[in-house]
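Let's read this one together, feature by feature. Keep the sequence and the 3D view open as we go.

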Amino acid sequence: MGTQIAPLTAEARSLRASLDASFPFESRFFELPTAGREGAALHYVDEGPSDGSAPTVLCVHGNPTWSFYWRRLVDELSGEARVVAPDHLGMGLSSRAPGGVRLAEHGANLVALVDALDLRNVTLVCHDWGGAIGFGAALARPDRFDGFVVTNTAAFPSGMMPRRIAACRIPGLGRLAVQGGNAFVRAALRMTTVVPLSADARRGLLAPYGSWARREQVWRFVEDIPMRPEHPSWNDLVGIADRLESLRGLPMEIVWGMRDWCFSPSFLAKWRERFPGAAVTELPGAGHYVMEDAPESVALATRRVLGAAASQRSRA
């Protein structure tokens, strides 16, 4: 078990080569300690100072993206912070996860990575499923986290599910479309931004999901959205939501794409209720993939949180 710069598999090597210069970061792997996942590893990028001289920015993606989604933030901030962006198990270049991974395991995997890399003075930047997973890790290791940048995500239950997402959960047909036809990833390329994605962005976001096996976790994430108390992940999500307010004293900025049909402005209102002191940037010209429509806004917010966190540490 441990972290390493590992040789890529032939499949991953080919995938990385296809991205040319759009994702020019070293691939690293963390072998998970999880029982029943022997040999499984998380892929991650780790750029910038790692000697403890700089704070950490931990970028946690959602579905159906991977660490590639954060490429511009990694490039922008790695000169002044350690920027770590993992791929969840079953996603990106991480090991496949037959049978799927639920919220609790994703959270435990992220905590294990944070511990193994000894990440400290962490500012979490999260998106989509990265909100529940990332905040779960922060609540498990509150001594390691000191700031948050929240983008179009949730870390609490909601009774709202867009029809387009609900359709992906239709028994049989939903899985056939998402895992078989890659409908979820391909639809995201058209429906998540206001500005059309570049050819490089489309190629990068599609790259890891070229087969039935590599798309399983995309489907599992859709399946794992807890909408009622009987759902296997309901109690885990409620447990995170119930403790969010314990983090109110830490710097937080919320950057929200207001033209997001999935994490609509109603989710933003719930974040404002829970964190009334958070600075909010509303982006009327951005959709769900905020890092594609407005990466500079996320970078500016992250810098402000890093500065506020450093000020808090100096006063402690």
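**Salt bridges and a buried helix face**

Q: How many salt bridges does the rule give here?

A: The count is 20 salt bridges in this structure. Bear in mind that the model is predicted. The rule asks for a Lys or Arg side-chain nitrogen within 4 Å of an Asp or Glu carboxyl oxygen.

Q: Which residue does R141 pair with?

A: Its partner is D115, with the closest N and O atoms 2.9 Å apart. R141 sits in the loop between α4 and β7, while D115 belongs to helix α3, so the bridge ties together parts 26 residues apart in sequence.

Q: Are those two residues buried or exposed?

A: Read the relative accessible area: under 20% is buried, over 50% is exposed, and partly exposed lies in between. R141 has 29%, so it counts as partly exposed. D115 has 28% and is partly exposed too.

Q: What about a salt bridge inside one helix? Where do R203 and D200 lie?

A: Both are in helix α8, residues 199–206. They are 3 residues apart, which means about one helical turn separates them. The closest N and O atoms of this salt bridge are 2.3 Å apart. R203 is partly exposed at 31% relative accessibility. D200 is partly exposed at 37%.

Q: Which residue forms a salt bridge with E216?

A: That is R220, and the closest N and O atoms are 3.1 Å apart. Look in helix α9, residues 216–223: the two are 4 residues apart, so about one helical turn lies between them.

Q: Are E216 and R220 buried or exposed?

A: Apply the cut-off of under 20% for buried. E216 has a relative accessible area of 12%, so it is buried. R220 is buried as well, at 15%.

Q: Which residues do shared salt-bridge partners join into one network?

A: D115, D118, R120, R141 and R144 are joined that way. The D115–R141 salt bridge discussed above has both its residues in this list.

Q: Now a helix. Which residues of α10 are buried?

A: Helix α10 runs over residues 234–241, and W234, L237, I240 and A241 are buried in it. Look down the helix axis next. The buried residues fall within an arc of 130°, so they line one face of α10.

Q: What covers the buried residues of α10?

A: The cover includes three helices you can find by number: α3 (103–117), α4 (130–140) and α11 (265–274). You have met α3 already: D115 lies in that helix.

Conventions. Residues are numbered from 1 along each chain as its sequence is written. This is a predicted model: local features need pLDDT of at least 70, side-chain atom pairs count only at pLDDT 80 or more; totals for chains, interfaces and linings use all residues. Side-chain values use heavy atoms; hydrogens and water are left out. Buried means under 20% relative accessible area, exposed over 50%, partly exposed in between (1.4 Å probe, protein chains only). The arc is that of the directions from the helix axis to the C-beta atoms. Contact means heavy atoms within 4.5 Å.
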